[in-house]
Amino acid sequence: MANLTLLFLTLTLCVASTVQRQLAVEDINGKQNLEEDLSIVHYQPEQVHLAFGESVLDIVVTWSTRDNTNESICEYGIDSVTEQSAKAAQGPTAFVDGGAQKATQYIHRVTLPKLQANTTYRYHCGSQLGWSAIYWFHTALNHSNWSPSLAIYGDMGVVNAASLPALQRETQLGMYDAILHVGDFAYDMCNENGEVGDEFMRQVETIAAYVPYMVCAGNHEEKYNFSNYRARFNMPGDGDSLWYSFNMGPVHFVSFSTEVYYFINYGLKLLTKQFEWLERDLAEANLPENRAKRPWIITYGHRPMYCSDDKEYDCNAKLETYIRKGLPTLEWFGLEDLFYKHGVDVEFFAHEHFYTRLWPIYDFKVYNGSAEAPYTNPKAPIQIITGSAGCKENREPFSNDLPSWNAFHSNDYGYTRLKAYNATHLHFEQVSDDKDGQIVDSFWVIKDKHGAYN
């Protein structure tokens with residue numbers, strides 16, 4: 001009997017061992033099959049966002065896939081997404097993050113050319129291996145006689161993106177014709193081998209897939225020579241998305257990089273090329289025939305010329321900012337004189353995690369239009385700092401002794417709205433997220449004549 005029991009136990013153990021081995025094999029095969037199945041998911045488009053092309057009626061659609069689909073297609077139309085199709089001639093471009101894992105993704109760019117003005121288009125993007133959801137956008141008018149509305153902000157991260165919900169809602173309600181993100185994305189796009197950048201682009205897809213998302217580089221994009229920024233965004237012109245301009249309604253918008261003044265370890269060539277381009281672009285925009293067509297010139301770059309806090313070593317009344325006065329000692333490539341010479345009307349900055357409206361200012365002096373109406377026919381550019389959209393670095397404190405050029409300030413989380421009504425009137429609002437969308441600042445800029453300041 002004992003022998004039979006021993007034989008039974010031995011057979012049972014053998015069977016159990018065989019079953020375990022079989023289950024292990026099935027588990028390995030199952031994982032392999034699952035990985036093969038999941039590779040299909042890697043063909044799915046994500047991080048969809050729009051930008052203006054060489055005109056406001058050329059829309060560039062950009063997205064990402066994990067694996068190479070070998071083609072980049074965008075289907076679009078007015079009544080149906082199948083009415084028209086555009087395809088990238090070269091297919092997707094491989095982008096390898098500079099982190100330790102050298103994570104690779106494929107960036108797709110397709111231009112939808114010569115669209116009808118003032119028209120709503122539906123679109124989706126992808127390839128025969130996978131398609132995005134269907135989105136929509138409304139095209140601008142390709143002349144100066146209309147009133148575009150924009151949301152403007154900087155310094156928005158993945159964590160604590162306080163302004164994101166309101167911007168998502170308002171964009172999808174059709175409140176904006178474009179967005180200006182004035183530097184510092186994700187905090188930082190390169191972190192976690194680029195995964196933080198991926199998550200940020202997924203978050204802003206709910207804004208940027210519906211309106212052109214126009215950007216400039218900030219100091220948080222510097223890693224690996226701005227590679228994440230350059231790869232992920234596709235702005236007009238040939239400045240590698242670091243500098244460009246576009247016309248919208250009565251405004252000539254000019255984007256530039258303040259970072260070429262601070263990260264000269266990448267070489268002076270970028271700084272000199274940008275400055276030469278700015279000189280040409282502003283000179284052309286300031287020609288009488290162009291100023292008559294689009295009288296307003298608005299610039300945006302990340303780091304400000306003037307600040308209202310004590311923390312910045314290069315942003316107070318005692319020290320000269322590089323972008324304002326130029327490189328130290330040499331004072332080459334300063335922008336304040338250039339912008340003043342060509343009659344720039346408004347300059348947007350971020351970097352400081354608050355909102356500040358300055359009086360019209362040049363060389364530390366206030367040049368209001370008049371005591372009663374400081375922004376009516378001002379005698380110098382108006383600067384606005386809007387860097388409070390929310391990030392993990394939280395808010396900035398203001399100086400105890402505010403400078404004379406500080407007209408209004410708030411460190412509520414929030415963002416700025418601009419409506420360019422016509423050739424003579426601009427309207428600005430600062431929205432507070434802390435106060436559930438309350439307008440905490442509102443003002444008009446009125447100019448009867450545009451051009452160089454005297």
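**Stop 1: strands E1 and E2**

Select residues 59-65, strand E2, together with E1. Five bridges join the two strands, which run antiparallel. The model is a predicted one. Now pick out glutamate 46. Its bridge partner in E2 is serine 64.

**Stop 2: the rest of that sheet**

Widen the selection to E5 and E6. With E1 and E2 they make an open sheet of four strands, in the order E1-E2-E6-E5. The pairing is antiparallel. Which strands stand at the edges? They are E1, residues 46-52, and E5, residues 93-96. Each has a single partner strand, so one side of each is left without a neighbour in the sheet. Look at the angle between neighbouring strands here: on average they are turned by 25° against each other, direction ignored.

**Stop 3: the helices across the sheet**

Keep the sheet on screen and add residues 195-208, helix H3. H3 lies across E1 and E6, the latter being residues 104-112. Its direction is at about 55° to E1. Next add residues 223-232, helix H4. H4 lies across E1, E2, E5 and E6. Against E6, H4 runs at about 45°.

**Stop 4: helix H3 alone**

Hide the sheet and stay with H3. The helix has 14 residues. From first C-alpha to last it reaches 19 Å, close to the 20 Å expected at 1.5 Å a residue. Where is H3 kinked? Centre the view on arginine 202: the kink there is about 25°.

Colour H3 by accessibility. The helix is mostly covered, with ten of its 14 residues buried. Among the buried residues are Val196, Phe200, Met201, Val204 and Ile207. Asp198, Gln203 and Glu205 are buried too, as are Gly197 and Ala208.

**Stop 5: strand E7 and its partners**

Select residues 120-127, strand E7. Six of its eight residues are buried, so E7 is largely enclosed by the rest of the structure. Three pairings can be followed from here.

- Add residues 73-77, strand E3. Five bridges join E3 to E7, and the two run antiparallel. Tyrosine 76 has tyrosine 123 of E7 as its bridge partner.
- Add residues 135-138, strand E9. E7 and E9 pair in the antiparallel sense over four bridges. Tyrosine 123 stands opposite tyrosine 135 of E9.
- Add residues 130-131, strand E8. E7 and E8 pair in the antiparallel sense over two bridges. Glycine 126 stands opposite tryptophan 131 of E8. E7 and E8 form a hairpin, with two residues between them.

**Stop 6: the cysteines**

Show the cysteine side chains. How many disulfides does the structure hold? The count is zero. Pick cysteine 125 to see one case. Its closest cysteine sulfur belongs to cysteine 74, 5.7 Å away, which is too far for a bond. The cut-off for a disulfide is 2.5 Å between the sulfur atoms. Is cysteine 125 buried or exposed? It counts as buried, at 0% relative accessibility. Then move to cysteine 216. Cysteine 216 is also buried, with a relative accessible area of 0%.

**Stop 7: strand E16**

Select residues 251-255, strand E16. Five of its five residues are buried. Turn the strand so that its side chains show. Val251, Phe253 and Ser255 point one way, while His252 and Val254 point the other way. Both sets are buried.

Now add residues 244-248, strand E15. Five bridges join E15 to E16, and these strands run antiparallel. Methionine 248 has valine 251 of E16 as its bridge partner. The pair forms a hairpin with two residues between the strands. Click on glycine 249 in the turn: its phi is positive, about 60°.

Add residues 296-300, strand E17. E16 and E17 pair in the parallel sense, over five bridges. Valine 254 has threonine 299 of E17 as its bridge partner.

**Last stop: the whole chain**

Show everything. The protein chain has eight helices and 26 strands. Of its 454 residues, 54% count as buried. Finish with a contact map. Among contacts between residues at least 6 apart in sequence, 70% join residues at least 24 apart.

Conventions. Residues are numbered from 1 along each chain as its sequence is written. This is a predicted model: local features need pLDDT of at least 70, side-chain atom pairs count only at pLDDT 80 or more; totals for chains, interfaces and linings use all residues. Side-chain values use heavy atoms; hydrogens and water are left out. Two strands pair if DSSP finds at least two bridges between them. Axes are lines fitted to C-alpha atoms, for helices over the stretch in contact, and angles run from 0 to 180 degrees between N-to-C directions. Contact means heavy atoms within 4.5 Å. The expected span of a helix is 1.5 Å times one less than its number of residues. The bend at a residue is the angle between axes fitted to the seven residues ending there and the seven starting there. Buried means under 20% relative accessible area, exposed over 50%, partly exposed in between (1.4 Å probe, protein chains only).
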